[in-house]
Amino acid sequence: MALRKIVVQGDECLRKVCRPVTEFNARLHMLLDDMKETLIDSQGVGLAAPQVGILRRVCVVMNEDDEIIELINPEIVSAEGEQTGLEGCLSVPGKFGIVTRPNVVRVRAQDRDGEFFEVEDEGLTARCFCHELEHLDGHLFVEHVDRLMTEEDLEAYIQEQEEMEEDE
């Protein structure tokens, strides 16, 4: 396994539509292993192949139990509810924004051996499914925000949220 370099906003590969995976082989397994290691090292919750310069429909998502879900050729098959919250991206370092996403998302994908499966989750993991799948179609979360927050804005937002929770 190896750490991969995460490309940042402005790199043209982040704006391209990724090709489906057709070969489930050792190269794919190495990509998945490297992406998991890179995700853990970067302390993120999701990483898509174009973020490491690979234009394939592959992403990894860490759920709220700290389990990493490998998604190959994923597609959202259902979404319900709504959540609005803070979002950031490893390819847009130091910037955050408020984004509205579905609260519950069900994804159909293939595993590293090509077997189809479905996974459903809510909250942060559902948000992450949507965020990472958008990467596969050449989109970034910044397209959903009215304005990007700086680190200072983020700290003020978090403090405001904590104060609201204390008042409840």
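T38 sits in helix 1, the run covering residues 26-42. In this predicted model, the residue counts as buried because its relative accessibility is just 3%, against a cut-off of under 20%. Leaving aside residues up to four places away in sequence, T38 touches A2, L3, R4, I6 and L47. L47 turns up again in a core of 14 residues, along with L28, A49 and V52. That core is separate from the largest nonpolar one, which is taken up next.

The largest nonpolar core has 20 residues. Inside it, L71, V105, V107, V119 and F129 have the most contacts. Several elements chip in at least two residues each: strand 2 (58-62), strand 3 (68-80), strand 6 (104-110) and helix 2 (123-135). Helix 2 gives the most, with five residues.

As for L71, the list of partners beyond four places in sequence runs through quite a stretch of the chain. On one side of the numbering, L71 touches R57, V58, C59 and V61; on the other, V107, A109, Q110, F117, V119, F129 and L133. Among these partners, V107, V119 and F129 also belong to the set with the most contacts inside the largest core.

Then there is the pairing of strands 4 and 5. Strand 4 (residues 83-89) runs antiparallel to strand 5 (residues 92-101), and the two pair over seven bridges. A hairpin makes the connection from strand 4 to strand 5, using two residues. Within this pairing, E87 stands opposite G97 of strand 5.

Note on methods
Residues numbered from 1 in each chain as written. Predicted model: local features only at pLDDT ≥ 70, side-chain atom pairs only at ≥ 80, totals over all residues. Heavy atoms only, no water. Core = buried A, V, L, I, M, F, W, Y, C linked by side-chain atoms within 4.5 Å. Buried < 20%, exposed > 50% of the residue type's maximum accessible area, 1.4 Å probe, protein only. Helix = DSSP H or I, 4+ residues; strand = E, 2+ residues; numbered from the N terminus. Contact = heavy atoms within 4.5 Å. Pairing = 2+ DSSP bridges.
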